Amino acid sequence: METIKKIQVTKSFLPPKEDYLAYIDKIWESKWLTNNGPFARELEQKLASFLDVKHVLFVANGTLALQVPLKVWKFDGEVITTPFSYVATTSSIMWENCTPVFADIDPNTCCISPEAIEAAITARTQAIMTTHVYGIPSDVEAIEAIARKHKLKVVYDGAHAFGGNYKGRSILSYGDVSTVSFHATKLYHSVEGGAIITNDDELAAQMKLARSFGHIGDEHYSLGINCKNSEFHAAMGLAILPYFGEIVEKRKEIFKVYDAALPKLKLKTVTKPAGLDYNYPYYPVFFESEEEALRIKEGLEKSGIFTRRYFFPSLNLLPYLTGQECPVAERLAVSVLCLPLYHDLSIPEAEFIVERLSQLIDQK
Ligand SMILES: *Cc1c(COP(=O)(O)O)cnc(C)c1O
């Protein structure tokens, strides 16, 4: 029997082991394992300068990063959000006892529609929390104008946006707060981890306190939680950062193979706006129906190629929520597949994926 090499949808980047171990040796010397250690601080400084932002708070994960600003603002009302994201965007709103109100998405960018945000605003609306889907920036200008007009806070879930720039600025520099995930499956990672980004000094100070139980020494200032991160995680972040440019370049080459094949396959992907310096985090393709997407998914798996329904389901349809409709997000969530994409996926492998995809599409 022919053995099939499996091609997973993603694969974590690991730096050369010596690079990581050089940091670990230093941890053994210092015996400083966690609690705002030297590597966590060094990572925060390096990320702040890389992103050209004032404050980067290294935290335990990208989900708590979304929860902390809502907690610090003491919000308990409605938060307008996107149905087309990972479940954490919605669940963090609910975990903070706020009510998610879904605004449907733009079918070309998959990001929230500003018109739908306007239509969803009520007297109870306190914030907009939305995702830069697949690293495509949300319509930040329109969202900022809406937020200013209605006095709302804006939190961007930038879990996919690390390293991407829009109009000459890091995508993560927009909004009152931007968050990012450094989970192992992301473009840039620290195994587990994330960051909260803001240019607001006062808010940064409040969130720093909240990250670490709300106290400094014996002095207790405000309600807090534990969402700081360790020196071992910071070390991984520091060890990978020098390779980030290389990671993006490799993914860009794979993108070229997929992009070139799309017209022939008659498939659509997301539209990138002008002014975007892209970070190539995911390669979604949209099929005409759920049935077709599932047929292709299964067919590819028979050749050892694994894709992911990402994002699925549309979050307004979560079983613990009731009754809001988002027809665009619902249609796209059932018909999307993300193709394999990672730094060491070879060009011949990408070409093989395209070839199998093409054969399956023709078989219909
Ligand atoms: C991964 C992800 C998160 C959650 O990040 P974690 O670090 O896994 O908690 C949140 N939002 C989006 C859009 C994500 O892709």
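Begin by selecting proline 313, which you will find in the loop between helix 10 and helix 11. You are looking at a predicted model, so every stop on this tour is a computed one.

**Stop 1: two cis bonds in one loop**

Keep proline 313 on screen and add phenylalanine 312. The peptide bond that runs from phenylalanine 312 to proline 313 is cis, with omega near -5°. Now step back along the chain to tyrosine 310 and phenylalanine 311. These two residues are also joined by a cis peptide bond, here with omega about 10°. Phenylalanine 311, too, belongs to the loop between helix 10 and helix 11.

**Stop 2: the ligand**

Leave tyrosine 310 selected and show the ligand. A polar side-chain atom of tyrosine 310 sits 3.0 Å from an oxygen atom of the ligand. Next, pick serine 181: one of its polar side-chain atoms lies 2.7 Å from a ligand oxygen atom. Glycine 62 makes its approach through the backbone, with an N or O atom 2.8 Å from an oxygen atom of the ligand. How much of the ligand does the protein bury? Taken alone, the ligand exposes 380 Å², and the protein buries 92% of that.

To see the whole shell, select the 16 residues that surround the ligand; the closest are Gly62, Thr63, Asp157, Ser181 and Lys186. Colour helix 3 (62–72) and helix 4 (87–95) as well, since these are the elements that give two or more residues to the shell.

**Stop 3: helix 10 and its two sides**

Move on to helix 10, residues 290–302. Its 13 residues, at 1.5 Å a residue, should span 18 Å, and the end C-alpha atoms are 19 Å apart, which agrees. Which residues of helix 10 are buried? Select Glu292, Ala293, Ile296, Lys297, Gly299 and Leu300. They cover an arc of only 165° around the axis, so they lie on the same side of helix 10.

Turn the view to the other side of helix 10, and you will meet Glu291, Glu298 and Lys302, which are exposed. Then go back to the buried residues and show what they pack against: helix 11 (327–335), strand 14 (336–339) and helix 12 (347–362). Before you leave, click on glycine 304, just after helix 10, where phi is positive at about 80°.

**Stop 4: positive phi without glycine**

Two further residues are worth a click for their backbone angles. Lysine 31 has a positive phi of about 60°, although it is not a glycine. You can find lysine 31 in the loop between helix 1 (17–30) and helix 2 (38–51). Tyrosine 134 is another non-glycine residue with a positive phi, near 55°, and it lies in the loop between strand 4 (125–131) and helix 6 (140–150).

Is each of these residues buried or exposed? Lysine 31 is exposed, with a relative accessible area of 64%, whereas tyrosine 134 counts as buried because its relative accessibility is 0%.

**Stop 5: a pair to compare**

For the last stop, select glutamate 253 in helix 9 (residues 244–265). Glutamate 253 is partly exposed, at a relative accessible area of 35%. Add tyrosine 280 and draw a distance between the two C-alpha atoms. Glutamate 253 and tyrosine 280 are 27 residues apart in sequence, and their C-alpha atoms are 9.7 Å apart in space.

Notes:
Residues numbered from 1 in each chain as written. Predicted model: local features only at pLDDT ≥ 70, side-chain atom pairs only at ≥ 80, totals over all residues. Heavy atoms only, no water. Helix = DSSP H or I, 4+ residues; strand = E, 2+ residues; numbered from the N terminus. Expected span 1.5 Å × (residues − 1). Buried < 20%, exposed > 50% of the residue type's maximum accessible area, 1.4 Å probe, protein only. Arc of directions from axis to C-beta. Contact = heavy atoms within 4.5 Å. Near = heavy atom within 4 Å. Polar contact = N/O pair within 3.5 Å; in protein donor to acceptor, adjacent residues only side chain to side chain. Areas by Shrake-Rupley, 256 points an atom, 1.4 Å probe, with all protein chains shown as cover.
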